Every structure is written in structure tokens, then in C-alpha cells.
Amino acid sequence: MTQLSTQYDCHICTCLHVNKGTQELRGHLGAFLRQKGELTLLLTKKDEETPHIEVKPIDSRHKSIDVFAFRINNNSLPELYTPIPKLPRFAKLTKLFIDIFSSENSMSYDSLCKRIMEASNVRERMAKLRISEALKSGIIEKNKIGHYHLPPPKEQEEPLLF
């Protein structure tokens, strides 16, 4: 392949599958081509809200490229695609409690459970788990009479002038 590329002054592009569970190319040909290749890319199909292909560089002899994604549009042509990042669990939980406490400052455990069940469409057991998780992570607090509320906003300290 190296001789053909040199003789005809052309680029050779190959497409190989990887072993399941790893990013290693299959067989002798895969190992050989990874050694000789200019750039090795891993394409992964993502079946999310909008199906797309994620492209990650594995090996590069020169400057590496950034990870990018593309999808096939309605005209059957590839186009660049920027997936919407998923919120981390902590951020989702924070948003849930901010939304719930937007109408009331504090509420009892039972009321909070019911509001979580309505807002998240979950059962009572999951609502109780979310309350427990939010308490542990400091998203909500429990006062002396047993009501739950958002913690007061932290005041930022003013920098010293000297």
C-alpha cells in the first residue's frame, strides 16, 4: 500500500472495524494500517434525540484534530452537527428544586414529595430519593420545624482595597 501510494502519488483511505469494547482495529491489517496511517479516526454512532456520528482522533502523526460530529440531513448529505450537552445529574437536580421552590419558600416533606412526583413524573420512592440526595449535596436544607427550603444565597465578600 505504501508502494502504491508513492508510485501513484495518491492518498489511500481505508475503513476498518474495531474490536467490541476496545478501540483496537481488528486483525493484522488493522494493526499494520494503524502503524502506517497518517491519521486514525474512531467513528461512533450515537442514537440520541438527534442521531449523529461522533468522530474522535485516535492516532495522528501531526497536529491532532478536535472531536466533532456530523449527521445526515434531509437531502441525504452529511453536515456538521453540535450535540446538545446533557446536564450533569447535580445540575438537573438543582434545576428541579429551584423550579419547585419558585412558587413557595418552604414546604413540608409530604408536599415536597408530591411536587417532585408531579414535576418529574416519578413514583414516591424516587421522589424521596431525590430529596435525600438534594439534602446531602446541599441543594436544599431542612429547618427546625421540619420544612424544606433552598439555602439562602451566599454573599460574595468584597475584595480588600489594600
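1. Cysteines. C113 is buried, with a relative accessible area of 3%, where buried means under 20%, exposed over 50% and partly exposed in between, with a 1.4 Å probe and protein chains only as cover. This is a predicted model, in which local features need a pLDDT of at least 70 and side-chain atom pairs count only at pLDDT 80 or more, whereas totals for chains, interfaces and linings use all residues. Residues are numbered from 1 along each chain as its sequence is written, and side-chain values use heavy atoms, with hydrogens and water left out. C15, in contrast to the buried C113, is exposed, at a relative accessible area of 73%.

2. Disulfides. How many disulfides does a search of the whole structure find? The search finds zero, a disulfide being counted when two cysteine sulfur atoms lie within 2.5 Å. For C15, the closest cysteine sulfur is that of C13, and because the two are 7.6 Å apart, they are too far from each other for a bond.

3. The first hairpin. Strand β1 (residues 39-46) and strand β2 (residues 52-60) run antiparallel and are joined by eight bridges; strands here are DSSP runs of E with at least two residues, helices are runs of H or I with at least four, and the numbering starts from the N terminus. Two strands are said to pair if DSSP finds at least two bridges between them. With five residues between them, β1 and β2 form a hairpin, and one pair of bridge partners is L42 with K56 in β2. Strands of a sheet pair through backbone hydrogen bonds, either parallel or antiparallel.

4. A further partner for β2. Strand β3 (residues 68-72) pairs with β2 in the antiparallel sense over three bridges, and here E54 stands opposite A69 in β3. E54 also takes part in a salt bridge with K46, the closest N and O atoms being 3.9 Å apart, where a salt bridge is a side-chain nitrogen of Lys or Arg within 4 Å of a carboxyl oxygen of Asp or Glu. K46 is partly exposed, with a relative accessible area of 26%.

5. T40 in β1. T40 is found in strand β1; is T40 buried or exposed? T40 is buried, at a relative accessible area of 9%. When its neighbours within four places in sequence are left aside, T40 is in contact with L25, R34, K56, P57, I58 and D59, contact meaning heavy atoms within 4.5 Å. Among these contacts of T40 are R34 and D59, which are linked with E24 in a network of salt bridges.

6. G30 in α2. Helix α2 covers residues 27-36 and contains G30, which is buried, with a relative accessible area of 0%. Leaving aside its neighbours within four places in sequence, G30 is in contact with L16 and L25. The C-alpha atoms of G30 and L16 are 6.8 Å apart in space, although the two residues are 14 places apart in sequence.

7. A nonpolar patch. L16 also belongs to a nonpolar patch on the surface, together with M1, L4, Y8, I12, L29 and F32, and their accessible area together is about 650 Å². Accessible areas come from the Shrake-Rupley method with a 1.4 Å probe; patches take residues with over 30% relative accessible area and no salt bridge, joining nonpolar side chains (Val, Leu, Ile, Met, Phe, Trp, Tyr) within 5 Å and like charges within 9 Å. M1 lies in the segment before α1 (2-7) and is partly exposed, with a relative accessible area of 44%.

8. Other salt bridges. Over the whole structure, the search finds eight salt bridges. One of these joins the side chains of E79 and R71 at 2.9 Å, N to O; E79 is partly exposed at 28% relative accessibility, and R71 is likewise partly exposed at 28%. K128 and E124 form another, with the closest N and O atoms 3.2 Å apart, and these residues lie four apart in helix α5 (residues 124-137), about one turn of the helix. K128 counts as partly exposed at 34%, as does E124 at 42%.

9. The open sheet. Three strands with antiparallel pairing form an open sheet in the order β5-β7-β6. Its edge strands are β5 (106-107) and β6 (141-142), each pairing on one side only. Strand β7 (residues 148-149) pairs with β5 over two bridges, and S106 stands opposite H149 in β7.
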